[in-house]
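This report introduces one protein structure to a reader who has not met it before. Please consult the sequence and the structure shown here while reading.

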Amino acid sequence: LVAVLGGAIGAIAGYMLIGKNSPLPIAVLAATVFIALTGIAVEYLVYRPLEGTSRLTYLVAAIGLSLTLQGLMQLLFGTERRTFPASVDTQLSALPVPHILHGYFSGLDTLIVVFTLAITAVAAWFAKHSTAGICIRATADDPILAARLGIDVRMAKVQVFAAGSALAAVCAFFFVARQRVLEPTLGYSQGVLAFAA
């Protein structure tokens, strides 16, 4: 079911991203939903079978998954560097900049800062005040005790993978929008930093 739904949404996202008349926010939203579903599929197909193994096993699986996805992207889209379409550059250049920041920051930089502050505030509120956030925190702290208290540990893990993947999709868009180029191995150095963290 996840593969079928993910494939359908992926096709829609691909059509919107390639189409010249598609609004940028709709394309980013469609891609974000597709990547969130991909995160759920990864949790189900890759990480769930590894439950009960060492952390090193998870690390090796993550590295293998990263290399597999990079290879898949190279197979599907080629290895050449691509630039943002002119229509996307035009939309990003038209973003307003507060007068006090004019000349120091672009509209995209301002949007990235505002998004980062907003999502940090929302995530902090979600983790501390929502039922799902409390369940996720309890699962991260002690999954065995959380399960004994009646928390659906599996659902908490799925929610983390979905939310983390969706945020990664939006952040990847911002990253590529600032770099203005896209290639299959672009996120390698960021991935190394993430593993270190």
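## Glu43 and its surroundings

Glu43 touches Arg48, Lys157, Val158 and Phe161, leaving aside residues up to four places away in sequence; contact means heavy atoms within 4.5 Å. Glu43 has its place in helix H2. Its relative accessible area is 2%, so Glu43 is buried. Buried means under 20% relative accessible area, exposed means over 50%, and partly exposed lies in between, with a 1.4 Å probe and protein chains only.

## Basis of the model

The model is predicted: local features need pLDDT of at least 70, side-chain atom pairs count only at pLDDT 80 or more, and totals for chains, interfaces and linings use all residues. Residues are numbered from 1 along each chain as its sequence is written, and side-chain values use heavy atoms, with hydrogens and water left out.

## Overall architecture

The protein chain contains nine helices and two strands. Helices (H or I, at least four residues) and strands (E, at least two) are DSSP runs, numbered from the N terminus. Read from the N terminus on, the order of elements is α-α-α-β-α-α-α-α-α-β-α.

Of the 197 residues in the protein chain, 26% are buried. Among contacts with a separation of 6 or more, 58% involve residues 24 or more positions apart. The protein chain exposes about 13,300 Å², of which carbon and sulfur atoms supply 71%; accessible areas come from the Shrake-Rupley method with a 1.4 Å probe, and for residues only the protein chains shown count as cover.

## Salt bridges

The structure holds three salt bridges, each defined as a side-chain nitrogen of Lys or Arg within 4 Å of a carboxyl oxygen of Asp or Glu. In general, side chains of opposite charge can pair when their charged atoms come close. One salt bridge joins Glu43 and Arg48, with 2.9 Å between the closest N and O atoms.

Another salt bridge is formed by Arg154 and Glu51, whose closest N and O atoms are 3.5 Å apart. This pair links distant parts of the chain, since Arg154 is in helix H8 and Glu51 is in the loop between H2 and H3, 103 residues apart. The side chains of Glu51 and Lys157 also meet in a salt bridge, at 3.6 Å from N to O. Lys157 lies in helix H8 and Glu51 in the loop between H2 and H3, so this pair ties together parts that are 106 residues apart in sequence. Glu51, Arg154 and Lys157 are thus linked in a network of salt bridges. Arg154 is partly exposed at 36% relative accessibility, Glu51 is partly exposed at 33%, and Lys157 is partly exposed at 28%.

## Nonpolar cores

In soluble globular proteins, nonpolar side chains tend to be buried together. A nonpolar core is here a set of buried Ala, Val, Leu, Ile, Met, Phe, Trp, Tyr and Cys residues joined through side-chain atoms within 4.5 Å. The largest nonpolar core has 11 residues, including Leu24, Phe84, Leu108, Val170 and Leu186. Helices H2 (24–47), H5 (107–129) and H8 (153–179) are the elements that give two or more residues to this core. The largest share, five residues, comes from H8.

Val170 touches Thr32 and Phe115, not counting residues up to four places away in sequence. Apart from the largest core lies another core of six residues, among them Val42, Tyr47, Leu50 and Leu65.

## Surface patch

Leu56, Leu59, Val60, Ile63, Leu67 and Phe195 form a nonpolar patch on the surface, with about 550 Å² of accessible area together. Patches are made of residues with over 30% relative accessible area and no salt bridge; like charges are joined within 9 Å, and nonpolar side chains (Val, Leu, Ile, Met, Phe, Trp, Tyr) within 5 Å. Helix H3 (residues 55–77) gives the most to this patch, with five residues. Leu59 is in helix H3, and Leu59 is partly exposed at a relative accessible area of 34%.

## Gly133 and the cysteines

Gly133 lies in helix H6 (residues 131–141) and is buried, with a relative accessible area of 2%. The C-alpha atoms of Gly133 and Ala156 are separated by 8.5 Å, although these residues are 23 residues apart along the chain. Gly133 touches Phe126 and Ala127, not counting residues up to four places away in sequence.

A search of the whole structure finds zero disulfides, a disulfide being a pair of cysteine sulfur atoms within 2.5 Å. Cys135 is partly exposed at 21% relative accessibility, and Cys171 is partly exposed at 42%.
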